[in-house]
Amino acid sequence: MKLLVTGAAGFIGSTYVRLVKDEHEVVVLDKLTYAGRRENLPDDVPLVVGAIEDPVVVREVMEGVDAVVNFAADSHVDRSIADQEAFARTHVIGTGNLLDAARELRVPRYLQVSTDEVYGSIASGSFTEKSPLDPSSPYSATKAAGDLLVSAHAHTYGIEAVICRGSNNYGPRQYPEKLIPLMILNALHGDSLPVYGDGRQVRNWLFVEDFCRGIHTVLERGRPGEAYNVGGPDECENLEVVSRIIELAGGDESLIEHVTDRPGHDRRYSLSSEKLRSELGWEAQVRFHEGLRRTVDWYRDNEDWWGPIRSGEYREYYEKHYGRALG
Ligand code: NAD
Ligand code: DAU
């Protein structure tokens, strides 16, 4: 297949491209926001710099492709709480533009990368694909709007579109605004570890390569018009995640600092991946203890990757968001 992969200069998309590039022809469209980096992509993968909401560039890069895989997003909940505009533009206008172009150019297959956050928080049990969408942050509300546009296009125009909803990913090349890389880098530097509220929130951790294998399985064999959950094998409270990072990266528990909670903070996410397992045979292969060890090792060995980030835009963001400077 010839694949157009959007947003692949970011964390998950670049992992996906690495997974598929030897078997498929890949072209990447990415706007290169603060989270998108050319260096994340292998050298032999062509990158077109542009936005998914731009009708001209999208039609140019989509001509002749067999499938579109859309990772492009503003992906950080905290930034969406501070300012939602870019989130609405990319997730709603951008997704709609990709779908219109896919219909006009008769692209045979479209996959939307989405998130467990569209279902909202769940106190016990797990969400299935039949659970109602009940998003709570501007990030998840705009992702849910994107999902609904995908379903509407499949229903109305018969586009062969599928949706993959992943739980919290972690692994190499994740921008350090997210919990796990932020805590790893702060622990490596002996900086304080800012835990929101009581730190008892629960996330369902999924190693990024497992998510990418799930996405590719659904792209190749998922039923058109359907959504598939891709959940991690282990759930964990944030405080426990931070303690394990301290064990692996160094430092001690006195670095943990409870800070003001995220407004509207979702308490627990949990996905059932039973549909993906029973229909398409996918199962997560990397347990949390193993994936976290690999991730800490990767950050320890790759200062070339995170050094420039920690001294650039991120430093300003950190100061503004956490009200203090990085050490
Ligand atoms: P990321 O922030 O690391 O990367 C996003 C990429 O999209 C960046 O390269 C950025 O430059 C690009 N981009 C942003 N707006 C764009 C636009 N308008 N046009 C073109 N490119 C644009 O994000 P990620 O963590 O890799 O997430 C990828 C996808 O997976 C997103 O759709 C996200 O909602 C979804 N997802 C993420 C997680 C997670 O835990 N990180 C879990 C489930 C689903
Ligand atoms: O669930 C899937 C989603 O996971 C994806 O759709 C999002 O793109 C991705 O950002 C992620 O969202 P979360 O909000 O769950 O991830 P984040 O890493 O921001 O936070 C994880 C948990 O850690 C959450 O309960 C908030 C908490 N946290 C986070 C940060 C950055 C802290 O306690 N302190 C922090 O400094």
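This report walks through the surroundings of the two ligands in this structure, which is a predicted model.

**Ligand 1**

Let's start with ligand 1. It has 30 residues around it, and the closest are Ile 12, Asp 30, Ser 75, Tyr 139 and Lys 143. Ser 75 also makes a polar contact through its side chain, with a polar atom there sitting 2.7 Å from an oxygen atom of the ligand. The backbone joins in too: a polar backbone atom of Leu 32 is 3.4 Å from an oxygen atom of ligand 1, and for a backbone N or O atom of Ala 73 the distance to a ligand oxygen is 3.5 Å. As for how covered the ligand is, on its own it would expose 840 Å², and the protein buries 97% of that.

Where does the shell around ligand 1 come from? Helix H1 (11-20), strand E5 (109-115) and helix H5 (138-157) each put in at least two residues. Of the elements, E5 gives the most, with three residues. By residue type, the shell splits into twelve nonpolar, 14 polar and four charged.

**Ligand 2**

Now for ligand 2. Here 22 residues surround the ligand, and the ones that come nearest are Asp 116, Tyr 139, Asn 168, Arg 262 and Tyr 322. Tyr 139 may ring a bell, as it is also listed among the closest residues to ligand 1.

Side chains supply the polar contacts picked out for ligand 2 in this table, each running from a side-chain N or O atom to an oxygen atom of the ligand.

| Residue | Distance to an oxygen atom of ligand 2 |
|---|---|
| Arg 203 | 2.8 Å |
| Arg 262 | 2.6 Å |
| His 265 | 2.7 Å |

Arg 262, then, turns up both in the table and in the list of nearest residues. Taken alone, ligand 2 would expose 690 Å², of which the protein buries 95%.

Which strand gives the most to the shell around ligand 2? That would be strand E8 (residues 193-196), with three residues. The shell is made up of eight nonpolar, eight polar and six charged residues.

The shell around ligand 2 also brings two domains into the picture. At least three of its residues come from domain 1 (2-169 + 206-230), and at least three from domain 2 (170-203 + 233-269 + 286-322).

Definitions and conventions
Residues are numbered from 1 along each chain as its sequence is written. Chains are lettered from A and ligands numbered from 1 in the order in which they are written. This is a predicted model: local features need pLDDT of at least 70, side-chain atom pairs count only at pLDDT 80 or more; totals for chains, interfaces and linings use all residues. Side-chain values use heavy atoms; hydrogens and water are left out. A residue is near a molecule or strand if one of its heavy atoms lies within 4 Å of it. A polar contact is a pair of N or O atoms within 3.5 Å; within protein, one must be able to donate a hydrogen and the other to accept it, and residues adjacent in sequence count only if both atoms are side-chain atoms. Accessible areas come from the Shrake-Rupley method with a 1.4 Å probe; for residues, only the protein chains shown count as cover. Helices (H or I, at least four residues) and strands (E, at least two) are DSSP runs, numbered from the N terminus. Ala, Val, Leu, Ile, Met, Phe, Trp, Tyr, Cys and Pro count as nonpolar, Asp, Glu, Lys and Arg as charged, and the others, Gly among them, as polar. Domain bounds come from an automatic or database domain assignment.
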